[in-house]
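Please open the structure in a viewer and keep the sequence panel at hand. The tour below proposes a series of selections and states what each one shows.

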Amino acid sequence: MNQKGINAAAVAVRTLTMDAVQKANSGHPGMPLGCAELGSLIFGEILRHNPADPGWANRDRFVLSAGHGSMLLYALLHLSGYDLSLEELMDFRQLGSRTPGHPEYGITPGVETTTGPLGQGISNAVGLAMAERMLAARFNTAKHAVVDHRTYVLAGDGDLMEGVSSEACSLAGHLGLGKLIVFYDSNRITIEGSTNLAFSEDVLARFAAYNWQTLSADAYDLQGIMACTEEAVKESKRPTLILLKSEIARGAATMAGSHKTHGAPLGEEEVRRTKEAMGVPGDSSFYIPEEAKEYFAARRKQWAENQAQWQRLFTDWGKENPDLLAEYERWFTAPKLDPDKPLVKYEAGSGLATRQAGGQVLNALAARFPNLVGGSADLGPSNATEIKAGGSFQKGTPAGRNLHFGVREHGMGAILNGLALHGGLKVFGATFLVFSDYMRPAIRLAALMKLPVVYVFTHDSVFVGEDGPTHQPIEQLAALRVIPNLWVLRPGDAEETEAAWRLAAERTDGPVALVLSRQALPVYAKHDEDWRRSIARGAYLAADSQSVPETVLLATGSEVSLALEVRELLGAEKVRVVSVLSRELFMTAGEDYRANLLPPGVRRVALEAGVAFGWHEFCGPDDMIVSIDRFGESGPPLRVAAALNLSAEAIAARVRGNG
Ligand SMILES: Cc1ncc(C[n+]2csc(CCOP(=O)(O)OP(=O)(O)O)c2C)c(N)n1
């Protein structure tokens, strides 16, 4: 280890952080100052990465879970040679810069995931480490370990207080993810002051109970940190948490240790005095010591050599295992499917729950795409998400394709993001629709990061019946639809479910929620002969009137077959039924397409077993929305529907105006 180089890098992290936060007049200097040595060690000595190629598949991943400390990451990305200029650091937190307030995936090279909402990053890291293990199990041979990297995390007190990290780390311990290594910046300071206010447990004992290796050192003892890291690297059967006792804003002239440094500029005078105390000119700006530059220049040569060495190994492996190489390449290519060749065929007139159809289609997809993996938060049999003959992903069976998240929806959401971020896998996770609320923060981040994660949400309405209002989703559809860039697909029958899964499998630029029924639904004949293509626009003509319709019924999911019944009661020749698979896709399908299905001037009736919120985009004052704007009831499904006025007869009467 080049101790002088690391110390010079730590000086640079401190000057760059103080100046960037001061210039932006906003930001979080405390954590980067407190972790300057640790960060420099991670980027300089610990990570096997190559800043010249941030997309190198076998790089170690580094997750800054304490995303508010973004300047630590930006300073180190710049210093180590990622494509992030000093000018970008000077533009910290400015509109359009590559140095946003919190690290954002897809904007800054070297940023592996978007962090800021505490607890998410460390939980993503569990997914990254799981992905590594799965790919290693599939592709490594006795002679060649082509997938062989670690996942490192820097997390703070806040990350370890958030429940999601407990869920994910508990699972990581169960799975024995030996290549996951977390540095815990234990400065015992959060925004309101000391952690004595609200966080007094023995964190190491907790992680030991999760089956983690636990180590500790002083955050400014470079040898001590390296010794712990070596221990962590040696441990192959358990993840490791290294607690580093640190001081927030270490090195600040008068404010070190103060919670006031957490999230506000230090002030011109404090910055000047701190620089001078470090031996840096007080009036310098964005100063980087020469030793830091020289240190990283030397490291860059080594890193390029490391990658070249891996490339040679990969080439040899590919020559000796051409079939594996071809499969590896397929794993990193998005699926393309032909809408005219359904994965599973259903007959009109048959009936089954869309969750059951979903399970059949999932299995057909899984047979074609061996990189499709996923699972449920302990509801697999109900969600129908088991990949038959896929095996379980467990400690001793890393090639298993069925993930068991346990009863940990939030952890599942964050882990799915990590699995998707890694590359090489197509992932899904499942639970009841009503519990999507438990996953919401992770879904939001998947949408923000444009990650192609698929959620299977079954038991999608009050029609679940006896479990009662706690298990009957009412507002969840609306709540999911308001998340930008999330597709919410609610198919009406088994055939539409097949089409919806196809859209979900092919999507590469964002997450998709498949919303499926518990109860059996009839497979209906479709008026639009080209419906398998039309449905990609979010809606299509399921049944038409003989001439210009008197009424257009718009329905989603289980309410499409209900709408078809209502149509019969109202007089089929006068009524059109539009199946709306996805409101958001329909909204972006274009004015002409929408007007074609919903002729202006024709009365519309929207039908959905959930809150009315959002249907006003389609329905004006003369139209009608049949919805449920209250919590449900416990009872047999048909009795519940009758109590909520949702029988076909009751709806027909309401549409006629005499209900
Ligand atoms: C989910 C979530 N809740 C609240 C916040 C606001 N927040 C940002 S940093 C922070 C305190 C974090 O303390 P710690 O992890 O110890 O960081 P340090 O003070 O060491 O910088 C809080 C509450 C957040 N970013 N995410």
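Begin with Asn211, which counts as partly exposed because its relative accessibility is 27%. The model on display is a predicted one. Asn211 is found in the loop between α9 (203-209) and β6 (213-218). Its phi is near 75°, a positive value in a residue other than glycine. Most residues other than glycine have a negative phi.

Next, select Asn25, in the loop that lies between α1 (3-24) and α2 (30-34). Asn25 also has a positive phi, of about 55°, although it is not a glycine. Is Asn25 buried or exposed? With 59% relative accessibility, Asn25 counts as exposed.

**The ligand and its surroundings**

Now select the ligand and display the residues around it. There are 15 of them, and His68, Gly158, Asn187, Ile189 and His262 come nearest. This shell divides into 6 nonpolar, 7 polar and 2 charged residues. Two elements, α7 (157-161) and β4 (189-190), each supply at least two residues of the shell.

Which atoms of Gly116 and Leu118 should be shown beside the ligand? For Gly116, show the backbone: an N or O atom there lies 2.8 Å from a nitrogen atom of the ligand. For Leu118, a backbone N or O atom lies 3.1 Å from a ligand nitrogen atom. Asp157 should be shown with its side chain, where an N or O atom is 3.3 Å from an oxygen atom of the ligand. Taken alone, the ligand exposes 590 Å², and the protein buries 74% of that.

**Strand β12 and its partners**

Move on to strand β12, residues 453-458, which is mostly covered, with 6 of its 6 residues buried. Colour its two faces separately: Val453, Tyr455 and Phe457 are on one side, Val454, Val456 and Thr458 are on the other, and all are buried.

Add strand β11 (residues 426-432), which runs parallel to β12 and is joined to it by 6 bridges. To find one point of pairing, select Phe428, whose bridge partner in β12 is Val454. Then follow the chain from β11 through helix α17 (residues 440-449) to β12; this β-α-β crossover is right-handed.

Strand β14 (residues 512-515) should be added next; β12 and β14 pair in the parallel sense over 4 bridges. Here Val454 stands opposite Val512, and Tyr455 stands opposite Ala513. In β14 itself, Val512 and Leu514 point one way, Ala513 and Val515 point the other way, and all are buried.

Which strand pairs with β14 over 3 bridges? Select residues 487-489: this is strand β13, and its pairing with β14 is in the parallel sense. Within this pair, Trp487 stands opposite Val512. The route from β13 to β14 passes through helix α19 (residues 494-506), and this β-α-β crossover is right-handed.

**A last stop at Pro473**

Finally, select Pro473, in the loop between β12 and α18 (476-481). Pro473 counts as buried because its relative accessible area is 3%, and the cut-off for buried is under 20%. How many residues along the chain lie between the positions of Pro473 and Ser436? The two are 37 residues apart along the chain, and their C-alpha atoms are separated by 9.5 Å.

Note on methods
Residues are numbered from 1 along each chain as its sequence is written. This is a predicted model: local features need pLDDT of at least 70, side-chain atom pairs count only at pLDDT 80 or more; totals for chains, interfaces and linings use all residues. Side-chain values use heavy atoms; hydrogens and water are left out. Buried means under 20% relative accessible area, exposed over 50%, partly exposed in between (1.4 Å probe, protein chains only). Two strands pair if DSSP finds at least two bridges between them. A crossover is right-handed if, with the strands pointing away from the viewer, the path from the first strand over the helix to the second runs clockwise. A residue is near a molecule or strand if one of its heavy atoms lies within 4 Å of it. A polar contact is a pair of N or O atoms within 3.5 Å; within protein, one must be able to donate a hydrogen and the other to accept it, and residues adjacent in sequence count only if both atoms are side-chain atoms. Accessible areas come from the Shrake-Rupley method with a 1.4 Å probe; for residues, only the protein chains shown count as cover. Ala, Val, Leu, Ile, Met, Phe, Trp, Tyr, Cys and Pro count as nonpolar, Asp, Glu, Lys and Arg as charged, and the others, Gly among them, as polar.
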